[in-house]
Amino acid sequence: MNQSISLFSLFSSILHLFLVLNFYGGVTVNGDIVSNLCENVTRVYPTQNYEFCVSALEANPLSKTSDIFGLGVISLELCSNNATYIRTYIDGILKDGKPEPERARTCLQNCIGFYSTALEDVQAAIEAFKGKDYVTAYRQLVTGALIDADTCKRGFQDVGVDFSPLKKQNYDFSQLIGISLGIITEIRGTTNLQ
């Protein structure tokens with residue numbers, strides 16, 4: 001009787017260790033942590049695009065050897081780089097003297113400010129994440145960066161501009177933020193981070 005309990009206990013311990021290594025150590029049953037992670041992210045956040053998630057993370061060669069924490073850092077750095085790119089992109093549009101009407105130019109000028117704030121929020125989230133303060137990192141992304149990007153997007157609608165020249169950029173940024181939020185949620189093991 002004791003031998004069967006002992007074998008069961010040993011089996012349970014090995015299974016638990018395997019699951020922990022599988023999830024947090026970058027070792028997966030099919031060898032593809034990015035794919036598994038992106039499946040989980042799209043399950044938790046249905047507006048996320050699986051293919052976008054995989055291609056964004058795999059664009060960084062370090063993703064192939066990263067554990068979930070490393071993928072979190074990669075995803076947050078992608079958000080930071082993307083916010084910087086969007087500000088530069090907007091500046092380029094404005095310097096070209098486009099777009100018309102004037103209210104679209106005003107929206108773009110406002111969006112530079114929103115993406116500057118979003119960049120600050122993402123950088124604060126990176127520091128919090130690296131310090132394993134996942135609640136603060138999550139809040140910085142949700143209440144900061146994501147709202148800033150959404151406010152930029154809504155600005156065009158609010159003034160009656162039919163087409164935002166930042167439609168793709170806003171979408172990409174929101175997707176990148178969603179990946180980071182999904183990773184933080186996975187690490188925390190809960191969606192209750194508010």
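**Disulfides and helix packing**

Mentor: Cys111 and Cys152 are both buried in this predicted model.

Trainee: What joins Cys111 to Cys152, and how do you know?

Mentor: The two sulfur atoms lie 2.0 Å apart. A disulfide requires a pair of cysteine sulfurs within 2.5 Å, so Cys111 and Cys152 are joined by a disulfide.

Trainee: Is the disulfide of Cys111 and Cys152 right-handed or left-handed, and what makes it so?

Mentor: The torsion about its S-S bond is about 100°, and therefore this disulfide is right-handed. The pair links distant parts of the chain, with Cys111 in helix α5 (residues 102-130) and Cys152 in helix α6 (residues 134-158), 41 residues apart.

Trainee: How many disulfides does the rule give, and which pattern do they follow?

Mentor: The rule gives two disulfides. With bonded cysteines counted along the chain, the pattern is 1-2, 3-4. One of these disulfides joins Cys38 to Cys53, with an S to S distance of 2.0 Å. The value about its S-S bond is -80°, and the link is left-handed. Cys38 belongs to helix α2 (residues 33-44) and Cys53 to helix α3; these are distant parts of the chain, 15 residues apart. Both Cys38 and Cys53 are buried.

Trainee: Why is Cys79 called buried or exposed?

Mentor: Its relative accessibility is 0%. Buried means under 20%, so Cys79 counts as buried.

Trainee: How do you know whether Cys107 is in a disulfide?

Mentor: The nearest cysteine sulfur, that of Cys111, is 6.5 Å away. A disulfide needs sulfurs within 2.5 Å, so Cys107 is in no disulfide. Cys107 has a relative accessible area of 6% and is therefore buried.

Trainee: What makes the end-to-end distance of α2 agree or disagree with its expected span?

Mentor: At 1.5 Å a residue, the twelve residues of α2 should span 16 Å, and its end C-alpha atoms are 16 Å apart, so the two agree. The expected value multiplies 1.5 Å by one less than the number of residues. Among the buried residues of α2 are Ile33, Val34, Leu37 and Cys38.

Trainee: Why is α3 called roughly parallel, antiparallel or perpendicular to α7?

Mentor: The axes of helix α3 (residues 50-58) and helix α7 (residues 167-188) come within 10 Å and cross at roughly 80°. Angles of 65 to 115 degrees count as roughly perpendicular, so α3 is roughly perpendicular to α7.

Trainee: Which residues make the contact of α3 and α7, and what is its make-up by class?

Mentor: On α3 the contact is made by Phe52, Cys53, Ala56 and Leu57, and on α7 by Tyr171, Asp172, Gln175, Leu176 and Ile179. By class, this contact has seven nonpolar, one polar and one charged residues. Cys53, also joined to Cys38 by a disulfide, is one of the α3 residues in this contact.

Trainee: Is Gln169 buried or exposed, and how do you know?

Mentor: Gln169, found in helix α7, has a relative accessible area of 10%. This is under the 20% limit, so Gln169 is buried. Not counting residues up to four places away in sequence, Gln169 touches Asn82, Tyr85, Ile86, Tyr89 and Tyr115.

Trainee: How many helices and strands does the chain have, and what share of its residues is buried?

Mentor: The secondary structure comes to seven helices and zero strands. Of the 194 residues in the chain, 42% are buried. Among contacts with a separation of 6 or more, 69% are between residues 24 or more positions apart.

Key:
Residues numbered from 1 in each chain as written. Predicted model: local features only at pLDDT ≥ 70, side-chain atom pairs only at ≥ 80, totals over all residues. Heavy atoms only, no water. Axes fitted to C-alpha atoms, helices over the stretch in contact; angles between N-to-C directions. Helix = DSSP H or I, 4+ residues; strand = E, 2+ residues; numbered from the N terminus. Parallel < 35°, antiparallel > 145°, perpendicular 65-115°, else oblique. Contact = heavy atoms within 4.5 Å. Nonpolar A, V, L, I, M, F, W, Y, C, P; charged D, E, K, R; others polar. Buried < 20%, exposed > 50% of the residue type's maximum accessible area, 1.4 Å probe, protein only.
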